[in-house]
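Here are some short exercises to work through with the model open beside you. Try each task before reading its solution.

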Amino acid sequence: MRSTFTTRDGSIWMPEYLTVIDGKTCIGCGRCFKVCSREVMHLHGVDDAGEILGACDGEDDDFDGELNRMIMVVDHAGRCIGCGACARVCPKNCQTHGAADQVAA
């Protein structure tokens with residue numbers, strides 16, 4: 001079942017929901033987080049082996065010296081409204097979006 005909507009000018013619009021961010025491509029710039037009004041994703045620390053250490057809380061958390069880099073992780077996918085603002089600002093095009101019938105509940 002595809003959910004389509006009509007905008008104020010009569011155009012048809014179908015939301016594309018954020019499903020995943022590629023951690024190998026993401027540079028952790030935070031642009032997507034800044035434009036998202038729903039707090040769908042958050043920065044997480046990654047170690048040298050590529051293992052996700054946990055969410056970064058905004059303080060100088062270096063995960064006991066294990067932090068190698070930061071990436072954005074989708075941790076509240078159900079909050080996404082499918083506006084696509086995050087994809088429009090991503091410099092690395094590392095996000096995957098899907099229509100409602102393509103996204104697992």
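**Exercise 1.** Which side chain of opposite charge is nearest to Asp-47, and how far away is it?

*Solution.* A word on the ground rules comes before the steps. This is a predicted model, where local features need pLDDT of at least 70 and side-chain atom pairs count only at pLDDT 80 or more, while totals for chains, interfaces and linings use all residues. Residues are numbered from 1 along each chain as its sequence is written, and side-chain values use heavy atoms, with hydrogens and water left out.

- Step 1: locate Asp-47 in the loop between E4 and strand E5 (52–55); strands (E, at least two residues) and helices (H or I, at least four) are DSSP runs, numbered from the N terminus.
- Step 2: look for the opposite charge, with Lys and Arg counted as positive, Asp and Glu as negative, and His and the chain ends not counted. The nearest such side chain is Arg-69, 8.5 Å away.
- Step 3: compare with the salt-bridge rule, a side-chain nitrogen of Lys or Arg within 4 Å of a carboxyl oxygen of Asp or Glu. Asp-47 has no salt bridge, yet it is buried (buried is under 20% relative accessible area, exposed over 50%, partly exposed in between; 1.4 Å probe, protein chains only).

**Exercise 2.** Find the backbone nitrogen that the side chain of Asp-47 reaches at 3.0 Å.

*Solution.*
- Step 1: the backbone nitrogen of Ala-49 is reached at 3.0 Å.
- Step 2: a polar atom of the Asp-47 side chain also lies 3.0 Å from the backbone nitrogen of Gly-50.
- Step 3: beyond four places in sequence, Asp-47 touches Leu-53, Glu-66 and Asn-68 (contact means heavy atoms within 4.5 Å).

**Exercise 3.** Identify the element that gives the largest share of the largest nonpolar core.

*Solution.*
- Step 1: this core, a set of buried Ala, Val, Leu, Ile, Met, Phe, Trp, Tyr and Cys residues joined through side-chain atoms within 4.5 Å, has 17 residues.
- Step 2: strands E3 (17–21), E4 (41–46) and E6 (69–74) each give two or more residues to it.
- Step 3: E6 supplies the largest share, 4 residues.
- Step 4: Leu-18 is among the residues with the most contacts inside the core. Its partners beyond four places in sequence include Val-40, Met-41, Val-74 and Cys-86.

**Exercise 4.** Is Val-35 buried, partly exposed or exposed?

*Solution.*
- Step 1: place Val-35 in helix H1 (residues 31–35).
- Step 2: its relative accessibility is 36%, so Val-35 counts as partly exposed.
- Step 3: Val-35 touches Ala-85, Cys-86 and Val-89, leaving out residues up to four places away in sequence. The C-alpha atoms of Val-35 and Cys-86 are 6.3 Å apart, although 51 residues separate them along the chain.

Methods:
Polar contact = N/O pair within 3.5 Å; in protein donor to acceptor, adjacent residues only side chain to side chain.
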